[in-house]
Amino acid sequence: MPKKRSGGGLTATQQAAKFLGVSVLSGAVLAGIALPAVGALGLTAKGSVESFDELPANLKTPPLSQRTTILDAEGGQIATVYSRNRTVVDLKDVSPYMQKAIVAIEDSRFYQHGAVDLKGILRALNKNAQSGGVSEGASTLTQQYVKNVFVEEAGDDPTKVAQATQQTIGRKIKELKYAIQVEEELGKKRILENYLNITFFGQQAYGVEAAAQRYFSKHAKNLTLAESALLAGIVQSPSRYDPINDEAEATKRRNTVLQRMAEVGDVSQADADAAKEKPLGLKVRQPKNGCITAVKDSSFFCKYVERVFLSNPVFGKTKEARAKIWNQGGLTIRTTMEPQAQKSVQDSLKDHIYKSDKVAAASTLVEPGTGKILAMGQSKPYGYGKNETEINYSVGNDMGGSNFGFPTGSTFKPFVAAAALEEGRPATQEYASPYKMDYPSPVQTCGGKPWVNQDGATVENEDESEVGPYQLKKAMEKSVNTYFVQMISDIGLCPVVKMTDALHVVQGNNTKLPEVPAIALGSKGISPLTMATAYAAFASRGMYCTPIAIESIEQKVGNQQKSLEVPKSTCSRAMSEKTADTVNSLLRGVVDSGTGQKAGLSGRASAGKTGTTDERKNAWFVGYTPNLAGAVWVGSATQKVKMTDIYIGGQYHALVYGGDTPGPIWRDAMSGALEGKEAPSFNLVHIPDPKPKETDKGDRDGRGNGNGNGGDNGDNGGIIGGADGGTFPTPTFSFPDNLFQGQGNGGNGNGGRRG
C-alpha cells in the first residue's frame with residue numbers, strides 16, 4: 001500500500017511517476033484541458049521528463065500583496081492603497097461551510113489525492129471526448145493554487161498575467177512540478193488556507209476575508225451555508241457569476257454548489273434544499289481602497305504621493321520596478337501634509353467657491369527653506385461623477401495635472417524684477433514706460449540669436465493715463481506692462497531664463513518657457529505648485545528648495561520591516577539675499593495697502609502678487625510669509641469660461657480680479673494654516689519713492705479691463721490705492737499670431753491682463 005503523508009497526499013516520487021504515466025496515457029495534458037496531443041507538439045514522453053526535470057526545484061512564492069498606509073505629518077491615516085484588496089486570515093478564521101464549499105465545487109477529491117487527481121483526469125478526458133469540447137477540467141486545488149501564485153507574481157502586467165494563465169503544455173508541466181513540491185511541503189490544510197487567501201472572488205476582492213466583507217459586510221468566519229456556496233461558486237468565473245451585476249446567474253451557480261455539497265456528503269439534501277430557497281442576502285460594502293477614499297479632502301495630495309513614488313528613480317531604476325514595489329504594498333508612508341494646513345485650505349475653498357460653480361480653484365501651501373508640501377486642495381473633489389475630476393489642478397501634467405498649467409498674468413513679473421536686480425539694476429531703475437510702444441527689437445537671447453520683432457507687435461498699458469517714466473516700485477504696484485517689457489529689453493532674455501531655471505519655473509507640460517519678451521506678461525501656463533515653490537524662494541531669502549511630499553517609508557515584507565530611501569529636497573541659491581529682500585519689499589505692500597488688501601494677514605508680515613489673465617479666464621494670488629508660501633488659482637480647466645457677469649461661491653462678480661476671489665481664499669487658507677505658529681518678519685530694504693510729478697493723478701484702483709496682450713490690470717500690481725476705480729476701457733487689440741511661434745499653445749489665450 002502506498003505510503004501516505006498526513007492529509008492524504010502521495011510522496012514526490014510517487015507524484016512524478018504518476019505524471020509520467022498520465023502523460024503517456026492518452027497523450028494529453030494532465031489538466032484535462034482541450035489541447036493537441038503531446039505527439040502533435042513534438043513532445044514525447046522522454047521530452048516531458050526532460051522538461052519536467054529542467055524546471056527549478058522550488059516554487060518561489062511571492063509575499064501576498066498587502067495594504068499600503070499613507071499617513072500625514074503627524075501620523076494620522078490619510079488613506080489605504082492596495083493593488084489587491086486582501087486581508088490574510090488563518091484557516092480557523094474561515095467558516096467550515098466555506099472550507100467545504102470551495103473543496104466540493106473545485107476539487108471534491110482534494111483530501112484523497114496528491115498534487116494530481118488521476119481519476120479526475122480520466123473522467124475529464126472521457127467527458128471532453130464525448131462532448132467534443134471542454135466540458136470539464138481536472139486541475140486540482142493545489143494546481144489552482146500554484147497558478148494563482150504565478151498570477152500574483154505577474155501583478156498587473158497584462159503580458160505576464162497572460163503567460164501565467166496560458167493554456168499550454170509547458171505551463172501545465174511547470175504547474176504540476178510545483179504542485180508536487182507544495183503538496184510535499186505544506187500539506188492539505190495549509191494549501192487550502194493559502195488558496196482561500198490568494199484566489200480572486202470578483203469585485204476587487206482577493207481572498208475570502210475581503211470577499212466576505214465585500215458581499216456580506218461580515219468576517220469570513222461568520223459566513224452561512226448559503227453565503228459560503230455563493231462565494232465558492234464565484235471563483236470559477238468571477239465576471240459571469242457576479243452576484244451584484246447578475247443575481248439570477250449567481251443564484252443558479254450558488255445552487256449548483258449547494259447540490260454538489262449534498263452529493264459529496266458535506267451537508268444533507270434537506271439543508272441544501274433549504275439554502276437554495278433563500279435570497280442571496282447581499283449586504284454590499286464599498287471597498288475603501290485608494291486615494292479616492294482619502295480623509296481630510298486630501299485625495300489629490302494622496303495621488304500626488306503615489307505619482308512621486310511611481311516616477312522617482314529613488315524607488316527603483318525602472319517604472320516596472322517601482323510599480324512592482326507599489327503593487328506589492330506593505331508600505332507605511334509618512335508624508336509632509338500637515339492636518340491643520342490641509343483643513344484650512346479645504347475650508348477656505350469651500351467657503352469661497354462651490355464645486356458646482358462654472359469655475360474651479362486650486363490651492364497649494366509650501367514651507368520655505370524645506371520644500372515640504374504642507375497642503376494641496378481644490379474645489380472640485382476627486383472622483384468620476386458630476387462636478388468631480390481626476391485632474392489635479394495644482395500640479396503639472398506629468399504628475400496628473402492639466403495639460404499645460406494655467407496662465408499666470410502679472411504674478412510672473414517678480415521673476416523679471418529679480419533677474420534685473422541680479423544683473424545689477426537698482427531698485428529705483430527707471431524706464432520711459434510709454435502708454436503704448438512697439439516690442440523692443442532686437443532682444444538678446446541665451447542662444448546668441450536675438451529675438452526680432454518682425455511683425456511690428458505692440459504692447460500697451462491698461463489705460464492711457466499710465467504713462468511713464470516709472471521706477472520699479474511704482475511699476476510693480478501698477479503692473480505697468482511697457483515697463484517690464486523695456487526691462488527685459490534692457491537686460492536681455494537670458495537673465496530671466498536663468499532666474500526661472502534657478503526657480504525651476506517650467507510650463508505645465510514640463511517644457512521650458514519661451515525666450516520672447518511677452519513672457520514678462522504671464523501668458524504661459526504654470527502650475528500652482530510651481531508658483532508656490534518659486535515664491536517660497538523669495539520668503540527664504542533666495543534659497544530655492546525642490547518640493548517634497550514624503551518624509552519616510554517603512555516597508556513590511558513578511559515579518560521583516562525595513563526603511564526605504566526617500567527623495568530629499570535639494571536646496572540651492574537662486575538669487576542673493578539682497579535681491580530676495582528687495583523683492584519682498586516690493587511685494588509686501590500689495591497686501592498692506594494695495595489691491596491685495598483682501599488677502600492681507602492680520603498681525604503677520606506678508607507679501608504677494610495678484611494676477612488676472614486675458615479675458616479673465618484665470619485669476620491668481622501667489623503670496624507668502626517668511627515661514628509659509630502659497631498659490632491660489634481660480635479659473636476653468638478648459639480655459640473656456642470668462643469670469644465676467646458670474647457667480648462664484650454664491651457671490652456675484654461683474655468682473656473677477658486676482659485680489660477679490662483668489663486673494664481671500666489665500667488669506668483664509670494661510671491664516672488657518674499659520675494659527676498658533678510664530679510670526680517672523682522680513683528683512684526689508686528701503687526703496688525710496690521718486691519725487692511726485694504733476695502727471696501723477698494720485699491713487700486709484702487701477703482695475704481696468706486688460707489689453708489681451710499678456711499684461712495685467714492694476715489689481716495684479718501692488719499698492720495701487722483706493723477701491724472705487726471708475727469706468728475702464730475695453731481692450732481693443734491682441735498679439736499677432738506669430739508672436740509666440742514654436743512655443744506650444746500653453747493651454748491659454750494670447751496673454752495676461754492686469755486685473
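Which residues lie nearest the centre of the second largest pocket? They are Glu153, Ala154, Gly155, Lys160 and Lys324, out of 25 that line this pocket.

Before selecting anything, note that this is a predicted model, in which local features need pLDDT of at least 70 and side-chain atom pairs pLDDT 80 or more, while totals for chains, interfaces and linings use all residues. Residues are numbered from 1 along each chain as its sequence is written, and side-chain values use heavy atoms, with hydrogens and water left out.

**Stop one: the sheet.** Select β2, β1, β3, β13 and β14, which in that order form an open sheet with mixed pairing. Strands are DSSP runs of E, at least two residues; helices are runs of H or I, at least four. Two strands pair if DSSP finds at least two bridges between them. β2 (77-81) and β14 (560-564) are at the edges with a single partner strand each, so one side of each has no neighbour in the sheet.

**Stop two: β3 and β13.** Residues 331-335 and 550-557 pair in the antiparallel sense over 5 bridges. Colour isoleucine 333, which stands opposite isoleucine 553 in β13.

**Stop three: the pocket.** Show α14 (residues 319-328), which gives the most to the lining of the second largest pocket, with 6 residues. α5 (141-154), α6 (158-165), α7 (169-186) and β13 each supply at least two residues. A pocket is an open set of points on a 1 Å grid over the protein atoms alone where a 1.4 Å probe fits, with protein on both sides within 12 Å along at least five of seven lines; lining residues have an atom within 4 Å of a point.
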